[in-house]
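Here is a friendly walk through one protein model, starting from a single spot and widening to the whole chain. Keep the view open as you read.

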Amino acid sequence: MIAIPYLTALTTYFSYGLLFAFGQIRDFFRKFSDGWWSPNNLQGYAPICLGLEDFYIRRLYLRIQDCFGRPISSAPDAWFDVVERFSNDNNKTLKRTEKINRCLNLGSYNYLGFAAADEYCTPRVIESLKKYSSSTCSTRVDGGTTVLHNELEECVARFVGKPAAIVFGMGYVTNSAILPVLVGKGSLIISDSLNHNSIVNGARGSGATVRVFQHNTPSHLEEVLREQIAGGQPRTHRPWKKIVVIVEGIYSMEGELCKLPEIIAICKKYKAYTYLDEAHSIGAVGKTGRGVCELLGVDTADVDIMMGTFTKSFGSCGGYIAGSKELIQYLKYTCPAHLYATSISLPAAEQIISAIRVILGEDGSSRGAQKLARIRENSNFFRSELQKMGFEVLGDNDSPVMPIMLYNPAKIPAFSRECLKQNVAVVTVAFPATPLLLARARICISASHTREDLNKALEVISRVGDLVGIKYFPAEPNKLHQEERMKLE
């Protein structure tokens with residue numbers, strides 16, 4: 001749990017209350033100016049956008065929407081081109097200009113640097129495009145399975161250490177479509193409280209009973225398991241048909257590593273299945289990039305269902321499920337994302353295969369090992385320096401995701417805009433993606449960042465942090481600060 005400073009929590013609540021009050025006043029005068037008696041143009045239909053969500057978008061989100069959805073015009077490498085935009089109507093609409101700003105990229109999931117042109121991957125991707133085209137224009141069970149798809153599934157299974165795997169064209173769908181196939185009525189899902197929205201929607205759509213345990217707290221997981229096993233199904237109290245515990249390898253909004261060894265021990269004790277989402281950890285952590293199982297010394301045989309995506313470390317798109325041959329065969333017969341969705345693009349599949357070969361050193365070089373060493377060094381260096389400066393940074397060592405807490409709603413656009421002015425592009429995240437009080441800037445580090453890039457980013461973030469007022473702890477003297485003082489002298 002995040003210990004929010006009392007004064008910070010108070011001012012954050014006050015800020016949101018003030019924004020809500022002024023928004024309601026503006027809505028009242030808008031209705032008054034339009035005329036209470038004037039007929040609406042809905043012609044008998046109910047408003048399609050109504051309620052708190054619509055109010056939040058109009059009165060809060062639109063005011064700062066220039067901080068989100070910024071268009072880029074280059075590959076998402078360590079540096080990329082951000083298209084400048086402007087608004088003539090208080091941010092209700094944004095228009096692009098022809099001006100391009102070259103910015104340091106601290107927002108993309110390009111953990112190993114494969115999202116840009118690569119000497120090994122790119123020529124093979126181009127060749128696959130020429131040979132297979134950009135799409136199969138078919139589902140996997142019709143004309144959408146090629147030799148490249150079969151090769152990809154074999155490659156993924158071998159890489160993650162499972163007997164078999166199945167791949168899909170979208171990472172989000174991998175969770176939301178798989179869970180309703182694996183569990184249903186009479187089954188129990190026990191989910192970490194901070195699991196990704198794709199898991200939440202998949203669990204809701206399954207028809208299974210869903211219970212939540214405190215984030216990354218094995219002791220509370222055991223309490224929930226004991227209570228649910230003792231009570232059984234609602235009303236009938238019959239034993240559960242199956243119990244699935246769902247966790248993530250690295251939590252994307254917290255940057256924390258899952259306490260996987262303890263969770264697996266509890267699941268074994270109570271005969272519950274373990275479902276591990278490695279979207280942000282596969283390829284990014286572990287000595288050979290095989291994720292949290294390798295990093296934490298867990299045998300992959302102890303994880304029943306392994307899920308991951310190709311959109312982060314592999315510079316591609318899509319997702320996978322890896323498990324026993326019986327499980328994967330069952331999913332191929334029943335999963336709607338396999339039966340009805342167009343198969344993953346062939347160039348995207350070739351990109352994944354090539355990236356895995358580089359990671360494993362099968363390209364004949366040591367670039368994969370160097371990338372893995374660099375992402376680990378970059379992540380630990382950047383997190384350490386941010387903490388020394390006095391920022392409240394979430395997450396664990398080795399994680400390339402590091403949220404910087406902002407809290408106050410006014411600091412969300414201020415931090416984002418000031419960083420952009422100094423050619424550093426960051427991602428800010430707020431409600432509803434996070435709880436109302438816990439707005440943050442999420443920094444994502446890449447192996448393609450040089451130490452010079454990281455030092456520049458730290459200098460800019462330090463200056464903006466002082467300006468915005470988000471250094472919640474006393475700063476420690478460090479080399480970077482000494483260099484800044486020498487420049488000033």
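## A glycine in a loop

In this predicted model, G283 sits in the loop that links strand 7 (273-277) and helix 9 (292-296). Is G283 buried or exposed? Its relative accessible area is 0%, and because buried means under 20%, G283 counts as buried.

Which residues does G283 touch, leaving aside those up to four places away in sequence? They are L112, G289, G291, S313, F314 and L372. You can also look for F310: it is 27 residues from G283 in sequence, and their C-alpha atoms are 9.0 Å apart.

## The annotated domain

UniProt, in an unreviewed entry, places the feature "domain: Aminotransferase class I/classII large" at residues 103-461. Helix makes up 42% of that span and strand 15%, while its end C-alpha atoms lie 14 Å apart.

## The whole protein

Stepping back, the protein has 16 helices and 13 strands. Its radius of gyration is 24 Å, which agrees with the value near 23 Å for a compact globule of 489 residues. Among contacts between residues at least 6 apart in sequence, 70% join residues at least 24 apart.

Some overall values for your notebook:

| Property of the protein | Value |
|---|---|
| Box filled by the C-alpha atoms, along the principal axes | roughly 60 × 60 × 50 Å |
| Residues that count as buried | 51% of 489 residues |
| Accessible surface | about 23,400 Å² |
| Share of that surface belonging to carbon and sulfur atoms | 56% |

As for charge, the mean positions of the 55 positive and 49 negative charges are 4 Å apart.

Definitions and conventions. Residues are numbered from 1 along each chain as its sequence is written. This is a predicted model: local features need pLDDT of at least 70, side-chain atom pairs count only at pLDDT 80 or more; totals for chains, interfaces and linings use all residues. Side-chain values use heavy atoms; hydrogens and water are left out. Helices (H or I, at least four residues) and strands (E, at least two) are DSSP runs, numbered from the N terminus. The radius of gyration is taken over C-alpha atoms; the globule rule is 2.2 Å times the number of residues to the power 0.38. Buried means under 20% relative accessible area, exposed over 50%, partly exposed in between (1.4 Å probe, protein chains only). Contact means heavy atoms within 4.5 Å. Accessible areas come from the Shrake-Rupley method with a 1.4 Å probe; for residues, only the protein chains shown count as cover. Lys and Arg count as positive and Asp and Glu as negative; His and the chain ends are not counted. The place of a charge is taken as NZ of Lys, CZ of Arg, CG of Asp or CD of Glu. UniProt positions are given in the numbering used here, feature names are shortened, and annotations may be inferred rather than shown by experiment.
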